[in-house]
Amino acid sequence: MVDLETVKLLGAALGSIKTITDIAETITNAQLRQELNGKIADLQTAILTARQKTLEMQEQYEQVLQENKHLKAQLARSSSTFLTQVIE
């Protein structure tokens, strides 16, 4: 199961990237700063993609849980109906 803690960790990672970005701005070598900023952007994209996929997986998990609950209730009703018919 994908939990809220995972989503929080991804959010914290995004916050860490902000700190790295702030540090990168202090670098005086323009080429190094540009390369670092490019890598930071790539990392941000990867984390945002992971976060989105995590949320999608959580939604799918919740849907499966609801379907499972529905099917169990349906099975219980069917079993009850069958037993009633057998007893009569």
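**View 1. The surroundings of T54 in helix α2**. T54 counts as buried because its relative accessibility is 10%, and buried means under 20% relative accessible area, exposed over 50% and partly exposed in between (1.4 Å probe, protein chains only). T54 is found in helix α2, which covers residues 30-87; helices here are DSSP runs of H or I with at least four residues, strands are runs of E with at least two, and both are numbered from the N terminus. A polar atom of the T54 side chain lies 2.7 Å from the backbone oxygen of A50. This is a predicted model, in which local features need pLDDT of at least 70 and side-chain atom pairs count only at pLDDT 80 or more, whereas totals for chains, interfaces and linings use all residues. Residues are numbered from 1 along each chain as its sequence is written, and side-chain values use heavy atoms, with hydrogens and water left out.

**View 2. The whole chain**. The secondary structure of the chain comes to 2 helices and 0 strands. The C-alpha trace spans about 90 × 15 × 10 Å along its principal axes, and the radius of gyration of the chain is 25 Å, where a compact globule of 88 residues would have one near 12 Å (the radius is taken over C-alpha atoms, and the globule rule is 2.2 Å times the number of residues to the power 0.38). Of the 88 residues, 11% count as buried. The chain exposes about 7100 Å², of which carbon and sulfur atoms supply 59%; these accessible areas come from the Shrake-Rupley method with a 1.4 Å probe, and for residues only the protein chains shown count as cover.

**View 3. The largest nonpolar core**. This core is made up of 6 residues, namely L10, L14, I17, A24, I40 and I47; a nonpolar core is a set of buried Ala, Val, Leu, Ile, Met, Phe, Trp, Tyr and Cys residues joined through side-chain atoms within 4.5 Å. Helix α1 (4-25) and helix α2 each supply at least two residues of this core, and the largest share, 4 residues, comes from α1. When its neighbours within four places in sequence are left aside, I40 is in contact (heavy atoms within 4.5 Å) with I17, I20, T21 and A24.

**View 4. R33 and its contacts**. R33 lies in helix α2 and counts as partly exposed, at 27% relative accessibility. Not counting residues up to four places away in sequence, R33 touches A24, E25, I27 and T28. The C-alpha atoms of R33 and L48, which are 15 residues apart along the chain, are separated by 22 Å.

**View 5. K39 in helix α2**. K39 is exposed, with a relative accessible area of 60%. From C-alpha to C-alpha, K39 and Q66 are 41 Å apart in space, and they are 27 residues apart in sequence.

**View 6. E62 and Q58**. E62 has its place in helix α2 and is partly exposed, with a relative accessible area of 35%. The side chains of E62 and Q58 are joined by a polar contact of 2.9 Å, the term denoting a pair of N or O atoms within 3.5 Å, of which, within protein, one must be able to donate a hydrogen and the other to accept it, while residues adjacent in sequence count only if both atoms are side-chain atoms. The C-alpha atoms of E62 and T49, 13 residues apart along the chain, are separated by 20 Å.
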